[in-house]
Amino acid sequence: MDLSADFNSFQKTVTDALLASTRTAGQIASEDLSFHRSSSRSFSSALDAKNVRLLQLTNRLLQVAASASTSDVSAPQLEDVDSVEDNWRGVVDVVDDLLEKADRCLDEFTGVIKQLSPKKDGEDVGQAPKQTATKPNRYLTKVMKKPQEEFESKVNNFEEGPWKPLLKSKPHAKVSLEESLVENESGFDHPYAPEIADYSYPQATYKFADAITFTPPQESEAIFVDTEEGVNEMLEELQQADVIAVDLEHHDAHSYVGLVSLMQISTRGKDWIVDTLRPWRERLQVLNEVFTDPKILKVFHGSTMDMIWLQRDLGLYVVGLFDTYHAACALNFPKKSLKYLLERFAQFDAQKMYQMSDWRIRPLPAELLDYARSDTHYLLYVFDQVRNMLIEESTNDNNLVDYVLEQSKKEALQKYERPVYDRDRGLGPVGWFGPISKRSVKFTNEQFAVYRALHEWRDMEARNADEGVGTILSINALFNVADAMPTTTHALLAAASPISRAVRDSLKDLVDLIKRAKEDSKNQPAYWQIMQEIDTILGPTRKSRKPWEREKQNKDVLADTNGNVETVNVMGTTAASATTSTLWGPTIHSADLLVKQNWKNLVMQETMARIIPMPTAAQVISMITPPTLTQLSIPASTSAPPTPITTNGTDSKPSTPEVFTIRELKRQEKENRKSATAAEENISLDPKEITKSERKALREQERAQREQKKKQKGQESSPATEFFDYKTAPSILHPPQADEPTRNHKQSPTNPKKRPFDPYLKSLDTKKGAKRLHGEGGGKSFTFKK
C-alpha cells in the first residue's frame, strides 16, 4: 500500500483495529478468568498461548521503538506477566520517547515549529511581536544519555576537601594566578576578588543617554555555537563591544550538582547561543578575555546563581557586572522578574513555561531556541531604560546607580563551595535542616530519626547515580514517609508516591532503614533539643517557623509548675490549662490528643473546652497549692499588655465578661470577710507574718460571729405556724350526723355553719356519663415479641 497516496484510509484501518483490540481486552479483563481456567483445561491452555504471543509482540514493538529513538533508551525484556510490572518504567520511557519524536515530526511537517516568526505587515519595528502560549511545555525532563559522562573532567560527587577553581589562566589580572590560588584555612579565595573590589565602572553608566532600540528578532542573526572555531569567532566580535548581555540555562534533575546546559550572549546587533554540554566545555575559559575585561559592561538579570554556575562548570568570572534585578528593586517596581521588565519596556511576552525544560535536548527545538534568545536579545534595551530611570530618581544623598553597582559587585564576589553533607546538624545547601525549617512540622523523636535517615539515604543515592535528589525521592514523599514510618513494602509504596526507580529498587532496604531509625531514636537527643542547638549556631536573625520552640516552652511550663499545669496548642493557639479540675477531677492530658496531630482530636478538644466550664489554670493552682505559694511562674506573653484607658482620673476596666464558678465566688467572699476582720483587729494575713496564736484567735472569732448571726436570724423570723392536728379533726369518711344541705346549695352569709366535706360531690354534678365515640369492632390482634 502506498501510504503517501492513501494515508487516511490506512490510518482509519489501524485506528479501528486498535480500538477493537482495546475493547476486547477490557471485556476479557472484566471476566472471572480464574474460574474459567479451572473449569476448562482447553481454555486455560489457549489463554496461556495468547499471553506468550502478546509478550512476544510487545517485546518486538519495544525493540523497534528503541532502535528508532535518537536518545539512549533501551527496550526492557518482558518474560512473563510479573516482569511487565517490574519493568514498567522502562516501557514508559520507550513509549514516551517514541511519542515525543512523532509529535516533533508532525509539528515540523505541519509548519507549527518555525525558526523565527516572520514580520507582519504594519508591525512596529521598535516593538517585539506579541506571543501567546497555545500549547503546554512538551520539553520537560527526558530520558537520555547523560552528557556529563562524555566530559573531559569526570564527575566525582564524593570528592572531599575545599573546591579549587578551574582557572588555567587569568586575563586582566591585578594579582597573578599563582598568588590567587593559595589555599588557606577556609579553602581557596575568589581568584578575581581584588579585581572586582577595586573595579571602577565606566562613566557611561552614570550618564543619561537615549535608549538604543533593539533590532527586531526576524531582522537580526542568531548563531548556535557548538564548536571551538565558533567560540573563537564569537570571541573576536565580543571584544569589540562596550556592553553585552548574558544569561544561562541550567538543568539539575539528572545531575547531583547541576549542569549549565546553555549560555546566551547578545550585543546590540547579534545573538549567540553557546552549547555548554560539549566535552571540551572547560575550554570556554577563553571567554574570560571578555567576561573580566574592565572596559566591557556585562548585564545580567538575577545573577545570584549564574555567578556560582559559571565558576563551577566553566571556570568563568565576571568583572563589571550590572544586575537589572537590583535596579528593579531600587526603583520599587511592583515586580522584579525578567518577564515583567520585558513586558514593560520591550512589550514582549516571554514564554516562561519553557524555563523548566530539559535544556540537554539536542538538537535544540525551535521553541526553546527562541525562548533562550529572547532572554538576552532585549536585555540591553531594558538596561538603557532602567539606567536612565536610576539617574533621574537619584538624589545627592541617595545615588541609586551606586547602590545597584554595589549590589552587583556583591553578586560577582560569590564563591562556589563543594556541597558537604552534615549528618548531625543538617546544615549546608544539601543538609536536612533546610527543608524542615521551611515547614511547620512537629515530629516525634521516631519520626525525626526516620526523616534524617531517609534524607541521608537520598543524598547518598543521588551522589552514586549522579542524579538530582528530587529524582531519587521528592521532598513531599520524604515527609510523607517520615510521618507514616511504614514497616512494610506495601505501606512504603503508598506513602512514597510518586515512586521513583531508585525507591522501587530499594524497597526492602528502605523498610529495614526505617526500622533501624525508629530503634536508634531511643538513644538520640530529642527533636526540640537538636533544633534549639541549631538555632543557637545560626543566631537569632534567621527567619523561619520553629515549632520545636513551642515544644520546649511546653516542657518549661510543666517543670515550673510541678506538674500542676500544662500548655495546650489548639487551632494554632498556645495557652496554659490545668491538669486537675475542681469539678471533674483529673483532665485529659493534651499530649494524648495531639500525638499524631489528628484534626478530629483537635476539634473534639476545642468542643469540650467550649461546653464544659473549666476554671482557669491560675484559679486551679491557687486552690491546690499550699498557703506558702504566693506567685506562680508562668511564661509571659510575647505581646505587650494593653495600656488601660483612664476617664476622669479613674481607670476604666474592659467590658469583657469574666469567667467564674460558684465555688470560686464563695471562696472569694470568705477571703473578703477575713480581710475585713483582720483590718478591724489589726491581724496580718500574710502566711509568713501570722503566728499560731493569732490564727487560733481568728478562727474563734469567726465561729462566734457565725453563732451570733444564727441567733439574729432566729429572732427576726415570723411566729411559729400552727400545724394541722389530725387527732382532733373530724372524720372525713364518717362525718358527724347533721342536717345535710341539699346539692348545689349555697351557704348564706347569715348561716355560718359549714357544710361537711364530701369527696364524691363533684362526681354527682353530671346527669349522664360520657358517650362512647366509637364502638369496638372486630379485628386482628398481634402480640409483639421483645
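These questions and replies go through how some terms apply to this predicted model.

Me: What makes this a predicted model with limits on what counts?
Reply: Local features need pLDDT of at least 70, side-chain atom pairs count only at pLDDT 80 or more, and totals for chains, interfaces and linings use all residues. Side-chain values use heavy atoms, with hydrogens and water left out, and residues are numbered from 1 along each chain as its sequence is written.

Me: Why is valine 14 called partly exposed?
Reply: Its relative accessibility is 36%. Buried means under 20% relative accessible area, exposed means over 50%, and partly exposed is in between (1.4 Å probe, protein chains only). So valine 14 counts as partly exposed. Valine 14 sits in helix H1, residues 7-29. A helix here is a DSSP run of H or I with at least four residues, and helices are numbered from the N terminus.

Me: What makes Phe7, Phe10, Val14 and Leu18 a patch?
Reply: Patch residues have over 30% relative accessible area and no salt bridge; nonpolar side chains (Val, Leu, Ile, Met, Phe, Trp, Tyr) are joined within 5 Å, like charges within 9 Å. A salt bridge would be a side-chain nitrogen of Lys or Arg within 4 Å of a carboxyl oxygen of Asp or Glu. Phe7, Phe10, Val14 and Leu18 form a nonpolar patch on the surface, with about 350 Å² of accessible area together. That area comes from the Shrake-Rupley method with a 1.4 Å probe, and for residues only the protein chains shown count as cover.

Me: Why is asparagine 332 called exposed, and glutamine 347 partly exposed?
Reply: Asparagine 332 has a relative accessible area of 63%, so it is exposed. Glutamine 347 has 29%, so it counts as partly exposed. Asparagine 332 lies in the loop between helix H11 (324-330) and H12. Its phi is near 55 degrees, a positive value in a residue other than glycine. Glutamine 347 is in the loop between H12 and H13, with a positive phi of about 50 degrees.

Me: How many cavities of 30 Å³ or more are there, and what makes a cavity?
Reply: The count comes to one. On a 1 Å grid over the protein atoms alone, a cavity is a set of points where a 1.4 Å probe fits but cannot get out. A pocket is an open set with protein on both sides within 12 Å along at least five of seven lines, and lining residues have an atom within 4 Å of a point. The largest cavity has a volume of about 30 Å³. Volume is the space filled by probe spheres set on the points, which are joined across faces, edges and corners.

Me: Which residues line the largest cavity?
Reply: Asn445, Phe448, Arg452, Ser521, Gln524, Pro525 and Ile530 do. Helix H17 (residues 445-465) gives the most, with three residues. Asparagine 445 and serine 521 are 76 residues apart in sequence, yet 6.1 Å apart in space, C-alpha to C-alpha.

Me: What is known of the second largest pocket?
Reply: About 1300 Å³ of space lies in it. Of its 39 lining residues, the closest to the centre are Arg89, Asp93, Val143, His254 and Arg501. Helix H5 supplies the largest share of the lining, six residues.

Me: Where are the cis peptide bonds before proline 363 and proline 498?
Reply: One joins arginine 362 and proline 363, with omega about 0 degrees. Another joins serine 497 and proline 498, also with omega about 0 degrees.

Terms used: Helices (H or I, at least four residues) and strands (E, at least two) are DSSP runs, numbered from the N terminus.
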